[in-house]
Amino acid sequence: MNEIVVLSGKGGTGKTSITGALASVAEEKVVFADSDVDASNLHLILGDEIIKQSEFSSGYIATVDSYLCTGCNICEQECAYDSIHVQNKRAFVDTMFCEGCGLCAKLCPEKAISMDDLVAGNIIYYKTRFGIPLLGASMTAKRERSGKLVSEVKSKAREMCKESSADYLLVDGPPGIGCPAIASLGGANYIILVTEPTLSGFEDLKRVFSLIKFFRIKTGIIINKSDINETIADDIKAFAEENRSIILDEFRFDSIFIKSVRNRKTVSEESKEMKVKIENLWKKIKEEAK
Ligand code: SF4
Ligand code: SF4
């Protein structure tokens, strides 16, 4: 099974539109995973019928039984994270800051504190219009464990590939080069980088490229809106050559990208020419990822 991850150093490059369009032309057995867990949106263009959901727990959080708490204050005094406070002789946990270390539960003389699983998000199984399974996720607001959730999405997607004997796992990765992007690279054997020829786009491409270099994964580049600055587009091509990468394809600026998102469709459903272009792109990706 080939695992291909689509990344971009920054948001707004058209990464999800291009990944989604590949779903509409792939004839092989493919499983799609949306690992942009902070702003997952691949399902919006592929179809968002939810088949099932499961909770994702990451670590623990303290919970106080207010009937047992006597307000002795020991927990508040000992918590190194200032995340449990006593008011009106009852302890309250600040769930935003509790690190789940469990010290308060150990020290509480009344055994009033329990350590519960921290639900950090949900894994969602979608049925797409193209019959291709899609796994997505949603992060519980203000929880900073998205790297772990990305790993979990990928692990569940791999299980699904195994069950269905899929040929490809195609992962829409998160933007940036932080923890979620790093987590999305684990196990990948080919990376597609979607960029645009702007100064910030090129800088972000270089940053994400330096991260991939570290993982030594074969990489191809797609330049979206390639005509908005042909000088920078040429610089990107030279950069690709210097770094033994190839330009998989170029897309000229096309309002079809905006229109398709508005219509909740893929770009290949919006025009025949685009469908042919995406079909050729998919062929090239398969050749490169062998
Ligand atoms: S240590 Fe236990 S009893 Fe004391 S304030 Fe905290 S929760 Fe309440
Ligand atoms: S589990 Fe640790 S961080 Fe959370 S309230 Fe208790 S002592 Fe503080």
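In the predicted model, Lys-148, Lys-162 and Glu-163 are exposed on one side of helix H5. The opposite side of H5 is formed by buried residues, namely Ser-146, Gly-147, Leu-149, Val-150, Val-153, Lys-154, Ala-157, Met-160 and Cys-161. Viewed down the helix axis, these buried residues fall within an arc of 160°, so they line one face of H5. The helix comprises 19 residues, from 146 to 164, and spans 27 Å between its first and last C-alpha atoms, close to the expected 27 Å at 1.5 Å a residue.

Ser-165 follows H5 and belongs to the loop between H5 and strand S8 (168-172). Its phi is positive, at about 50°, although Ser-165 is not a glycine. Most residues other than glycine have a negative phi.

Helix H8 was examined in the same manner. This helix has 13 residues and reaches 18 Å from its first C-alpha to its last, close to the 18 Å expected at 1.5 Å a residue. Ile-232, Ala-233, Ile-236, Phe-239 and Ala-240 are the buried residues of H8. They cover an arc of only 115° around the axis and therefore lie on the same side of H8. Thr-231, Glu-241 and Glu-242 are exposed on the other side.

The loop between H8 (230-242) and strand S11 (246-251) contains Arg-244. Arg-244 is a residue other than glycine with a positive phi, near 50°. With a relative accessible area of 82%, Arg-244 is exposed, because a residue counts as exposed over 50%.

Arg-244 also contributes to the lining of the second largest pocket, together with Phe-209, Ile-212, Lys-213, Arg-216, Ile-217, Lys-218, Thr-219, Glu-242, Asn-243 and Ser-245. Glu-242, one of these lining residues, is also among the exposed residues of H8. Helix H7 (residues 199-215) provides the largest share of the lining, three residues. The pocket holds about 210 Å³ of space, and its lining divides into three nonpolar, three polar and five charged residues.

The largest pocket encloses about 460 Å³ of space. Of the 24 residues that line the largest pocket, Gly-12, Gly-14, Thr-16, Ser-17 and Val-261 are the closest to its centre. Helices H1 (15-25), H2 (42-46) and H9 (256-262) are the elements that each give two or more residues to this lining. By residue class, the lining of the largest pocket consists of eight nonpolar, nine polar and seven charged residues.

Two ligands were also considered. The surroundings of ligand 1 include four cysteines, Cys-69, Cys-72, Cys-75 and Cys-108. Also around ligand 1 are Thr-70, Gly-71, Asn-73, Val-86, Ala-91, Pro-109, Glu-110 and Ile-113. This shell divides into eight nonpolar residues, three polar residues and one charged residue.

Around ligand 2, the cysteines are Cys-79, Cys-98, Cys-101 and Cys-104. The other residues around ligand 2 are Ala-62, Tyr-81, Ser-83, Ile-84, Glu-99, Gly-100, Gly-102 and Met-115. The shell around ligand 2 likewise comprises eight nonpolar, three polar and one charged.

Definitions and conventions:
Residues numbered from 1 in each chain as written. Chains lettered and ligands numbered in written order. Predicted model: local features only at pLDDT ≥ 70, side-chain atom pairs only at ≥ 80, totals over all residues. Heavy atoms only, no water. Near = heavy atom within 4 Å. Nonpolar A, V, L, I, M, F, W, Y, C, P; charged D, E, K, R; others polar. Helix = DSSP H or I, 4+ residues; strand = E, 2+ residues; numbered from the N terminus. Expected span 1.5 Å × (residues − 1). Buried < 20%, exposed > 50% of the residue type's maximum accessible area, 1.4 Å probe, protein only. Arc of directions from axis to C-beta. 1 Å grid on protein atoms, 1.4 Å probe; cavity = no way out; pocket = protein on both sides within 12 Å on 5 of 7 lines; lining within 4 Å. Points joined across faces, edges and corners; volume = space filled by probe spheres on them.
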